[in-house]
Amino acid sequence: MTAVSKTPGWLDFYHNPSRPDFQLPKGAVDAHCHVFGPDPEFPFAAERKYTPCNASKDDLWALKSRLGFTRNVIVQATCHGSDNRAVLDAIADAHGLAKGIASVEVGVSDGELARLAKGGIKAVRFNFVKRLVMPVSPEILLPLAARIDAAGMHIVIYFESPDLPALYDFIASIPAIVVVDHMGRPDLSKPVDSAEFLLFLKLMAAHENIWCKTTCPERLSHTGPPTYDDFVPFAHSIISQFPDRVLWGTDWPHPNLKSHMPDDAWLVDMIPRIAPTKILQRKLLVDNPMRLYWPEEGV
Ligand code: 0GY
């Protein structure tokens, strides 16, 4: 079978990233990353909105050791639809050092949810980003959220900040842990005390089951690489207010970036700027992800 062609203009991940200046704490978790294919072993879904480069589990393990991480949480990317085999294969290859976030059809059976949980899947992602998927309505997702919770998993949710007002009540009503991707994608050109970002902080303050990934300077920043200065006040605000409900990840291999591809070491070197103390760094990178994804380790 011949490999499929990448989306025109697709930026491949950065090969041979630098070693970061910031030394990660022992046992650090990259809690948001993906694998793409490799196609044709793990073919991309017919309904995908983009065709990426291949980015295999072995490429991910090489990045992990280059940057100094110990564990990964691998998020099913939309280019694989609800076929979670590439993520499950990576988890099985990681000897306990990787867990996963799946995507499922709304009609998924309880048996399939149990199978995913047994394979190391810890959550199901609800995606409301219209350029990536056809979003499913909250009324349909609520009963599914209850079934996911019953299967011992939580919810990861991806949306863009203009959609938060419409999704607010739905997110607030989910009867399980909810992890919001990329801080709900705030507009970093607005002030950190803009109504939009304050609404997100209000959501987190009001609901102790809601967590957040302080991820994606490379995706959200307007000031740009390598220091992504406008990202810092937003991520720092969340980490300082909710230090026990924040996670960090690389987002490697950075799907759909248009302007540049970061050297992943730049992203790691952002960490002491958004989490300036050793205590915050340990919560962000070790204690919180371990509690959520490896509770059996009792860290
Ligand atoms: C991300 C971001 C994106 C893509 C996906 O599943 C995906 O295709 O997550 C994006 O394009 O914003 O979370 O890595």
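"Buried" in these legends means under 20% relative accessible area, and "exposed" means over 50%. The model shown in each view is a predicted one.

**Close-up of two cysteines, Cys53 and Cys79.** Start with Cys53, which is buried at a relative accessible area of 5%, below the 20% cut-off. Cys79 is in no disulfide, and the nearest cysteine sulfur to its own, that of Cys53, sits 9.3 Å away. A disulfide needs the two sulfurs within 2.5 Å, so at 9.3 Å the sulfurs of Cys53 and Cys79 are too far apart for a bond. Cys79 counts as buried too, because its relative accessibility is 0%. Across the structure as a whole, the disulfide count is zero.

**The eight-stranded sheet, from β1 to β8.** Here's the frame for the next few views: an open sheet with parallel pairing, in which the strands follow the order β1-β2-β3-β4-β5-β6-β7-β8. At the edges are β1 and β8 (246-247), each of which pairs on one side only.

**Strand β3, wrapped up by its surroundings.** Take a look at residues 98-102: five of the five are buried, so β3 is largely enclosed by the rest of the structure. Side chains in a regular strand alternate between the two faces of the sheet. In β3, Ala98, Gly100 and Ala102 point one way, while Lys99 and Ile101 point the other way. Yes, that buried set includes Lys99.

**From β2 over to β3 by way of α2.** Strand β2 (residues 71-75) runs parallel to β3, and four bridges join the two. Zoom in on Val75 and you'll find its bridge partner in β3, Ile101. To get from β2 to β3 the chain passes through helix α2 (residues 85-93), making a right-handed β-α-β crossover.

**From β3 on to β4 by way of α3.** On this side of β3, three bridges hold the parallel pairing with strand β4 (residues 121-127). Ala102 of β3 faces Val124 of β4 across the pair. The route between these strands goes through helix α3 (residues 110-118), and this β-α-β crossover is right-handed.

**Strands β5 and β6, with helix α4 packed on the sheet.** Strand β5 (residues 154-158) pairs with strand β6 (residues 178-180) in the parallel sense, over three bridges. One spot to pick out is Ile157, which stands opposite Val180 in β6. Helix α4 (residues 138-150) touches β4 and β5 as it packs on the sheet, and its direction makes about 170 degrees with that of β4.

**Helix α6 laid across β6 and β7.** Helix α6 covers residues 195-206, and the strand β7 beneath this label is 210-213. The helix lies across β6 and β7 and runs at about 135 degrees to β7.

**Inside the largest nonpolar core.** Nonpolar side chains in soluble globular proteins tend to be buried together. The largest such core here has 103 residues, and the members that touch the most others are Phe126, Ile171, Phe200, Ile238 and Leu285. Helix α11 (residues 278-293) is the top contributor, giving seven residues to this core. For a closer look, centre on Ile238: leaving aside neighbours within four places in sequence, its contacts are Met183, Phe197, Phe200, Leu201, Met204, Cys212, Thr214 and Val246.

**Two cis peptide bonds, at Pro38 and Pro226.** Most peptide bonds are trans. The bond from Gly37 to Pro38 is cis, with omega near 5 degrees, and Pro38 belongs to the loop between β1 (29-33) and α1 (57-67). Another cis bond runs from Pro225 to Pro226, with omega near -5 degrees. Pro226 sits in the loop between α7 (217-220) and α8 (231-241).

**Positive phi at Asn16 and His95.** Negative phi is what most residues other than glycine have. Asn16 isn't a glycine, yet its phi is positive at about 55 degrees. Look for Asn16 in the segment before β1, where its relative accessible area of 71% makes it exposed. His95 is a residue other than glycine with a positive phi as well, near 50 degrees. Its place is the loop between α2 and β3, and with a relative accessible area of 72%, His95 is exposed.

Conventions. Residues are numbered from 1 along each chain as its sequence is written. This is a predicted model: local features need pLDDT of at least 70, side-chain atom pairs count only at pLDDT 80 or more; totals for chains, interfaces and linings use all residues. Side-chain values use heavy atoms; hydrogens and water are left out. Buried means under 20% relative accessible area, exposed over 50%, partly exposed in between (1.4 Å probe, protein chains only). Two strands pair if DSSP finds at least two bridges between them. A crossover is right-handed if, with the strands pointing away from the viewer, the path from the first strand over the helix to the second runs clockwise. A nonpolar core is a set of buried Ala, Val, Leu, Ile, Met, Phe, Trp, Tyr and Cys residues joined through side-chain atoms within 4.5 Å. Contact means heavy atoms within 4.5 Å. Axes are lines fitted to C-alpha atoms, for helices over the stretch in contact, and angles run from 0 to 180 degrees between N-to-C directions.
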